[in-house]
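Biologist: Before we discuss the fold and its aromatic residues, could you put the sequence and the structure where we can both see them?

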Amino acid sequence: MTSRCLAVPLATIALLASSARADDPPASSLVGTWRLESRVNADGTKVEPAPVGLLTYTETHRNFNVMWQDASGKHFSFSLVSTWELTATEYVETIHLGILNDELRGTGLTYLTPGETRRAPARIEGAKVSWAMPFDPVAATCDGEAFVATSAEFGFTDHWVRVDEEDEAGEDD
């Protein structure tokens with residue numbers, strides 16, 4: 001009887017332990033503020049000037065803002081406020097605010113549905129986390145030192161740097 005009574009609580013503990021919280025490595029490697037430093041096109045050319053972007057992960061929330069302009073002057077911008085969770089096999093995100101302006105494809109302003117939750121595959125290898133962004137056509141990797149986001153659809157790779165590390169080094173924009 002005792003072994004049956006312990007089976008359910010032990011199974012629950014095991015399930016909870018398999019989920020990475022934002023304060024546990026490697027999920028904690030995402031926490032902080034990141035600035036979009038550079039963009040490289042699929043053909044290897046560096047985009048000048050680099051798009052403007054800022055990304056902040058707290059232990060539970062993500063705030064993401066990015067904007068760029070093509071050679072013809074058309075804009076693309078995306079702003080997102082969401083909650084997130086990382087497990088050993090998936091990245092889960094719920095939108096609280098999402099605004100997309102895509103003049104590049106002629107779709108204009110779109111609001112994403114608040115409360116919508118999406119899941120995407122994730123992989124953890126040591127301190128490195130790799131995942132697909134559930135609301136973006138982007139694959140991301142982060143090891144706490146480097147944050148790289150690649151979009152096959154748009155044909156670019158973005159390189160993000162920690163803002164707090166820049167501040168500690170005394171660098172200003």
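What follows is an exchange of questions and answers about this structure.

Modeller: This is a predicted model, in which local features need pLDDT of at least 70 and side-chain atom pairs count only at pLDDT 80 or more, while totals for chains, interfaces and linings use all residues. Residues are numbered from 1 along each chain as its sequence is written, and side-chain values use heavy atoms, with hydrogens and water left out.

Biologist: How many helices and strands does the protein chain have?

Modeller: Helices (H or I, at least four residues) and strands (E, at least two) are taken as DSSP runs and numbered from the N terminus. Read from that end, the elements follow the order α-β-β-β-β-β-β-β-β-β-β-β-β-α. The protein chain therefore comes to two helices and twelve strands.

Biologist: In which sense do β3 and β4 pair, parallel or antiparallel?

Modeller: Two strands pair if DSSP finds at least two bridges between them, and for β3 and β4 there are six bridges. Leu55 has Phe64 in β4 as its bridge partner, and a hairpin of three residues connects β3 to β4. The sense of the pairing is antiparallel.

Biologist: Which residue in the turn between β4 and β5 has a positive phi?

Modeller: β4 and β5 run antiparallel and are joined by nine bridges, with Asn63 standing opposite Val81 in β5. Five residues lie between the two strands of this hairpin, and the one with a positive phi, of about 95°, is Gly73.

Biologist: Which side chains of strand β4 point to the buried face?

Modeller: In a regular strand the side chains alternate between the two faces of the sheet. Buried means under 20% relative accessible area, exposed over 50%, and partly exposed in between, with a 1.4 Å probe and protein chains only. In β4 (residues 61-69), His61, Asn63, Asn65, Met67 and Gln69 point to one face and are not buried, whereas the buried side chains on the other face are Arg62, Phe64, Val66 and Trp68.

Biologist: What is the geometry of the pair formed by Tyr57 and Trp84?

Modeller: Rings of Phe, Tyr and Trp (its six-membered ring) pair if their centres lie within 6.5 Å, and planes under 30 degrees apart count as stacked, over 60 as edge-to-face and the rest as tilted. A search of the whole structure finds 14 such aromatic pairs. With ring centres 5.0 Å apart and planes at 80°, Tyr57 and Trp84 are edge-to-face.

Biologist: How many residues apart in sequence are the parts that this pair ties together?

Modeller: Tyr57 is buried at 1% relative accessibility, and Trp84 is buried at 7%. Because Tyr57 lies in strand β3 (residues 52-57) and Trp84 in strand β5 (residues 75-87), the pair ties together parts whose separation in sequence is 27 residues.

Biologist: Is the pair of Tyr91 and Trp131 stacked or edge-to-face?

Modeller: Both residues, Tyr91 and Trp131, are buried. Their ring centres are 5.5 Å apart and their planes lie at 25°, so the pair is stacked.

Biologist: Which residues touch the most other members of the largest nonpolar core?

Modeller: A nonpolar core is a set of buried Ala, Val, Leu, Ile, Met, Phe, Trp, Tyr and Cys residues joined through side-chain atoms within 4.5 Å. The largest one has 29 residues, and those touching the most other members are Tyr57, Trp131, Phe147 and Trp160.

Biologist: Which residues are joined by a cis peptide bond?

Modeller: The proline of this bond, Pro49, lies in the loop between β2 (32-41) and β3. With omega at about -10°, the cis bond joins Glu48 and Pro49.
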